[in-house]
Structures are given as C-alpha cells and as structure tokens.
Amino acid sequence: MTMHAFVDESKRKGVYLVCAVLIDPKELSHARGKLRSMRLPKQRRLHFSKESSQRRIFLLEEVSTLPIQALIYSSTMKEPYARQEIMAALLNDLSAVGCKRLIIERREAGQDARESAQIAAAIRSGKVPAKMIYDHLRGHEEPLLWVADAVAWAY
C-alpha cells in the first residue's frame, strides 16, 4: 500500500517526541477538508499549544475518526542528536510501509537542511526508496501536519 507521512515534533521535560501520521493518499482530500472545517474564524491552522482544554478534547475526538495511523518516536538525548536518531528510525519504518511522500513541519533553515541531507543520504544508500518525495512545509500549509501535532501533544 502507498502511504503518505506527515511529521511534527514535541518537546517536554527532557523528552523529544516525533509523531508521524500515515494516511492513504486516497483519503487526503477528505481528511484535509475535515481538518480545515475545524478551524475557528481567522485561524490559519490548528495548533494544540494554543487551544483551550475543551477545544483540545473536541479536536482529538474529531481526529480519532480520521483513517490514519500514527507512529511515535521518543528520545532523551539532546535535540540535534535525538532528531537525527529518530529520523533514521522513522525513515526505516517509512520504507517498510511503502511511504511515497514525506512532509515534515518546517523548522529553522539550518535544521531543515541537515535533515534533507540525512534523507538524501538514506535514499542514495538504498535504505529509502529513490521514488520517495520529501519536503518541509510550514504548519499552515498542510492540514495533516496539524494531526501530527495533535497526536504528539496527546501522547
């Protein structure tokens, strides 16, 4: 099965978390529409650190109805090392499930460049299929990143 993956991070009390949400491309349009409909007026995106407790419950109930799978990775290492270690495990798992597209929430330019280099090296080495497309997007540009944020927050 072909899957698309959407990745976001969460940091708390010495633990670095990364959530990857997997979805069949045939479900993308429906899921994106549902997520966009859950935004409040003038809200560009859903972001759990900025939502009220009551709204978080509502959003998690709605997200739980989406046809997704979520992978959670955690590390107690310092961030750059934790991120590199987690990305290696994530790429391995995405390769195993036949992921064709990987979207990661954009961070600082230097961090994204290091990550792109790591992904490109995995593709060159054959650890990741050469046809896998990857990109870094801002949170408001891709609603499925909101789901990764929600799941990571809830975890």
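The nonpolar cores, the strand pairing around β4 and the two largest pockets of a predicted model are described below.

The largest nonpolar core comprises 23 residues, and F6, C19, I23, L35, L144 and V147 are those with the most contacts inside it. At least two residues of this core are supplied by each of β2 (15-23), α1 (28-37), α2 (53-63) and α5 (143-154). Helix α5 provides the largest share, eight residues. The surroundings of V147 were examined further. When residues up to four places away in sequence are not counted, V147 touches V21, L35, V63, L66 and I68. Apart from this core lies another, of 22 residues, which includes C99, I104, I119 and V128.

Strand β4 was considered next. This strand spans residues 99-105, and because five of its seven residues are buried, under the cut-off of 20% relative accessible area, β4 is largely enclosed by the rest of the structure. Strand β4 pairs with β1 (residues 3-12) in the parallel sense over five bridges, and within this pairing R101 of β4 is the bridge partner of H4. Strand β4 also runs parallel to β5 (residues 133-137), to which five bridges join it. Here I104 stands opposite H136 of β5; I104 is also among the residues of the 22-residue core.

Attention then turned to the pockets. The largest has a volume of about 200 Å³. Its lining consists of E79, P80, Y81, R83, Q84, M87, R107, Q111, R114, E115 and Q118. Two or more of these residues come from each of α3 (79-96) and α4 (109-124), and α3 gives the most, with six residues. By residue class, the lining of the largest pocket contains five charged, three polar and three nonpolar residues.

The second largest pocket holds about 160 Å³ of space. Residues A88, L91, N92, Q118, A121, A122, S125, K127 and V128 form its lining. Helices α3 and α4 are again the elements that contribute two or more residues, here to the lining of the second largest pocket. This lining divides into five nonpolar, three polar and one charged residue. Q118 lines the largest pocket and also the second largest pocket. V128, a lining residue of the second largest pocket, belongs to the 22-residue core as well.

Technical notes. Residues are numbered from 1 along each chain as its sequence is written. This is a predicted model: local features need pLDDT of at least 70, side-chain atom pairs count only at pLDDT 80 or more; totals for chains, interfaces and linings use all residues. Side-chain values use heavy atoms; hydrogens and water are left out. A nonpolar core is a set of buried Ala, Val, Leu, Ile, Met, Phe, Trp, Tyr and Cys residues joined through side-chain atoms within 4.5 Å. Buried means under 20% relative accessible area, exposed over 50%, partly exposed in between (1.4 Å probe, protein chains only). Helices (H or I, at least four residues) and strands (E, at least two) are DSSP runs, numbered from the N terminus. Contact means heavy atoms within 4.5 Å. On a 1 Å grid over the protein atoms alone, a cavity is a set of points where a 1.4 Å probe fits but cannot get out, and a pocket is an open set with protein on both sides within 12 Å along at least five of seven lines; lining residues have an atom within 4 Å of a point. Grid points are joined across faces, edges and corners, and a volume is the space filled by probe spheres set on the points. Ala, Val, Leu, Ile, Met, Phe, Trp, Tyr, Cys and Pro count as nonpolar, Asp, Glu, Lys and Arg as charged, and the others, Gly among them, as polar. Two strands pair if DSSP finds at least two bridges between them.
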